[in-house]
Amino acid sequence: MLGYAKSSNLAAYQSAAAHGGVAASDPHRLIVMLMDGALERIATARGCMQRNETSEKARLINRAVSIIGELRNSLDMRNGGQIAANLAELYDYMCRRLLLATSENKAEMLDEVSKLLHEIRGAWLAIAPEVRGK
């Protein structure tokens, strides 16, 4: 029982820390946090895939799909022009690949999405601070 309480306390602390980080973050940082969350879940799902933990793998991939959906929903389609449209299509593609990876149990599809998301994350981080607020 004691192990459960410690685990529960740790989960509560992590949740509070994550929510505190969100409340204190600027919009640019929030997008990075979403990307990091999706990448973390994809990596963990890959491990579950290797260990044949199918239900946990599916849960993690579904969560990553939800996060990527939030990234897509955060796009400014009115003012974002072709870049926003391209990102929307890329996010849709990533979601389809993740769902296919779940059903076909193919780690290389998870790797493909991780690589794409890392590239977008890198470009996002390269945006100059003075341009972020515009």
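**View 1. The whole chain is built from 6 helices and 0 strands.** Read from the N terminus, the pattern is α-α-α-α-α-α, with helices taken as DSSP runs of H or I at least four residues long, strands as E runs of at least two, and both numbered from the N terminus. This is a predicted model, so local features need a pLDDT of at least 70 and side-chain atom pairs count only at 80 or more, while totals for chains, interfaces and linings use all residues. Residues are numbered from 1 along each chain as its sequence is written, and side-chain values use heavy atoms, with hydrogens and water left out. Of the 134 residues, 26% are buried; buried here means under 20% relative accessible area, exposed means over 50%, and partly exposed is in between (1.4 Å probe, protein chains only).

**View 2. Confidence along the chain, from helix α1 to helix α3.** The average pLDDT (the predictor's confidence in each residue, from 0 to 100) is 85, and 79% of the residues score at least 70. Helix α1 (residues 2-23) has the lowest confidence, with a mean of 46, whereas helix α3 (residues 54-73) has the highest, at 97. Over residues 1-13 the pLDDT is below 50, and that stretch has 0 contacts in the model beyond near neighbours in sequence. A contact means heavy atoms within 4.5 Å.

**View 3. Helix α3 and its buried face.** The 20 residues of α3 should span 28 Å at 1.5 Å a residue, and the end C-alpha atoms agree, sitting 28 Å apart; the expected span is 1.5 Å times one less than the number of residues. Lys57, Leu60, Ile61, Ala64, Val65, Ile67, Ile68 and Leu71 are the buried ones in α3. Down the helix axis they fall within an arc of 165 degrees, so they line one face; the arc is that of the directions from the axis to the C-beta atoms. Cover for these residues includes α2, α4 and α5. Over on the other side, Ser55 and Asn73 are exposed. Serine 55 has 63% relative accessibility, which is why it counts as exposed. Its C-alpha is 9.9 Å from that of threonine 102, although the two are 47 residues apart in sequence.

**View 4. Helix α5 and what packs over it.** Here, too, the span checks out: at 1.5 Å a residue, the 19 residues of α5 (residues 107-125) should cover 27 Å, and the end C-alpha atoms are 27 Å apart. Ala107, Met109, Leu110, Val113, Ser114, Leu117 and Ile120 are buried. They sit within an arc of 150 degrees, so they line one face of the helix. Their cover includes α2 (27-50), α3 and α4 (81-104), while Glu108 and Lys115 are exposed on the other side. Serine 114 counts as buried because its relative accessibility is 14%. Leaving aside neighbours within four places in sequence, serine 114 is in contact with Leu39 and Ile42.

**View 5. The largest nonpolar core, with 28 residues.** A nonpolar core is a set of buried Ala, Val, Leu, Ile, Met, Phe, Trp, Tyr and Cys residues joined through side-chain atoms within 4.5 Å. The residues with the most contacts inside this one are Met35, Ile68, Tyr91, Met94, Leu98, Leu110 and Leu117. Helices α2, α3, α4 and α5 each supply at least two core residues, and α2 gives the largest share, 8 residues. Zoom in on leucine 98: not counting residues up to four places away in sequence, it touches Ile42, Ile61, Ala64, Val65, Ile68, Leu110 and Val113.
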